[in-house]
Amino acid sequence: MKTPCLPIAFAALALSVSLPAIAAEPAVASEPEVTALDARIAAELHRLDLGLDPQSRTLLRDNQDMWSAWTREAMAKAQTMVADGEGTDADRAELAQALRAQRLSFLHALKTEGPEGLSGGWGNGLTEVLVDRENDPRAKLVSITNVMGARDAVCALEGAVREDATGITITPASDPRHPVHLHRQGIALVIEGAVVPKDDATRGCRFDGAYFPIEGADKIMPWLVN
């Protein structure tokens, strides 16, 4: 599905939404295209719900709640921009469809069985993460937030790896006081402790959370493995 070419300002507002702020969503859902996409999203969630283990099912439901909150705030900001004359109702409707189409694509790609191990590509529908362990005993962790084809913050850390019974801990060479722990929960990869300070150059960038296996991350971020 081709992503609509939205006005730059509308795309930017979607990227700038903070989580997990909740806002009342304006009445967009009555539009036939949006209603149809919502129904398809519900069907994909049902498909996954039937096949996932309980732990993965809970993580995916939390992930859907996160995405819903993010979408509501994005649409509320879009409505404010329309009211201020910085966009039109047609732009806003197009944004509502684009966000749902992107979500549907993410859910459709999810499988009910995850790969072995921690390395490879992972995503939560807003951010994609790649874990590279080709240079043991070091590892590299990179994330990129990519919404509607526009790239937001890119985060990268690299450091020594220590394995334990639950997963691995990466101690960043640039900030050894803040190690990052990665472990598996069901099909998902859970990252804990990796938050980049807001005064950092990558402002607002963070890794922590649960991510689901995705394919093609090495093509999205080929420079990771160089």
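Threonine 58 counts as partly exposed, at 43% relative accessibility. Threonine 58 sits in helix H3. This is a predicted model. The chain has 226 residues, and 44% of them count as buried. Its elements number five helices and eight strands. Three helices, H2, H3 and H4, each supply at least two residues of the largest nonpolar core.

**Overall layout**

- From the N terminus, the order of elements is α-α-α-α-β-β-β-β-β-β-β-β-α.
- Among contacts with a separation of 6 or more, 59% link residues 24 or more positions apart.
- One long-range pair involves threonine 58: its C-alpha atom is 9.7 Å from that of glycine 186. The two residues are 128 residues apart along the chain.

**H3 against H4**

- Two packed helices are described by the angle between their axes and the distance between the axes.
- Helix H3 covers residues 54-83, and helix H4 covers residues 89-109. They pack at about 165 degrees, with axes 10 Å apart.
- Angles over 145 degrees count as roughly antiparallel, so H3 is roughly antiparallel to H4.
- The crossing of H3 past H4 is right-handed.
- On the H3 side, the residues that meet H4 are Leu60, Asn63, Gln64, Trp67, Trp70, Thr71, Ala74, Met75, Ala78, Gln79 and Val82.
- On the H4 side, the partners are Asp89, Arg92, Leu95, Ala96, Leu99, Arg100, Arg103, Phe106 and Leu107.
- By class, this contact of H3 with H4 holds 12 nonpolar, four polar and four charged residues.

**H2 against H3**

- Helix H2 spans residues 32-51. H2 and H3 pack at about 160 degrees, and their axes lie 10 Å apart.
- H2 and H3 are therefore roughly antiparallel to each other.
- Their crossing is right-handed.
- From H2, Ile41, Leu45, Leu48 and Asp49 take part. From H3, the residues they meet are Arg57, Leu60, Arg61, Gln64 and Trp67.
- The contact of H2 with H3 divides into five nonpolar, one polar and three charged residues.

**H2 against H4**

- The axes of H2 and H4 come within 9 Å and cross at roughly 20 degrees.
- Angles under 35 degrees count as roughly parallel, so H2 is roughly parallel to H4.
- H2 passes H4 in a left-handed crossing.
- H2 contributes Glu33, Val34, Leu37, Asp38, Arg40, Ile41, Glu44, Leu45, Arg47 and Leu48 to this contact.
- H4 contributes Ala96, Gln97, Arg100, Ala101, Arg103, Leu104, Leu107 and His108.
- The classes here are nine nonpolar, two polar and seven charged residues.

**Nonpolar cores**

- The largest nonpolar core has 24 residues. Leu48, Leu60, Leu99, Leu107, Leu110 and Phe212 have the most contacts inside it.
- H2, H3 and H4 each supply at least two residues of this core. H3 gives the most, with eight residues.
- Leucine 107 illustrates the reach of one core residue. Beyond its neighbours within four places in sequence, leucine 107 contacts Ile41, Glu44, Leu45, Arg47, Leu48, Leu60 and Gln64.
- Apart from the largest core lies another core, of 18 residues. Among its members are Val161, Val180, Ile191 and Tyr211.

**Serine 143 and strand S3**

- Serine 143 lies in strand S3, which runs over residues 138-147.
- Serine 143 has a relative accessible area of 2%. Buried means under 20%, so serine 143 is buried.
- Neighbours within four places in sequence aside, serine 143 is in contact with Thr127, Glu128, Val129, Ala153, Val154, Cys155, Arg206 and Phe207.

**A cis peptide bond**

- Most peptide bonds are trans.
- The bond that joins aspartate 136 and proline 137 is cis, with omega at about 10 degrees.
- Proline 137 is placed in the loop between strand S2 (127-132) and S3.

Notes. Residues numbered from 1 in each chain as written. Predicted model: local features only at pLDDT ≥ 70, side-chain atom pairs only at ≥ 80, totals over all residues. Heavy atoms only, no water. Axes fitted to C-alpha atoms, helices over the stretch in contact; angles between N-to-C directions. Helix = DSSP H or I, 4+ residues; strand = E, 2+ residues; numbered from the N terminus. Parallel < 35°, antiparallel > 145°, perpendicular 65-115°, else oblique. Left-handed = near helix turned anticlockwise from the far one by under 90°. Contact = heavy atoms within 4.5 Å. Nonpolar A, V, L, I, M, F, W, Y, C, P; charged D, E, K, R; others polar. Core = buried A, V, L, I, M, F, W, Y, C linked by side-chain atoms within 4.5 Å. Buried < 20%, exposed > 50% of the residue type's maximum accessible area, 1.4 Å probe, protein only.
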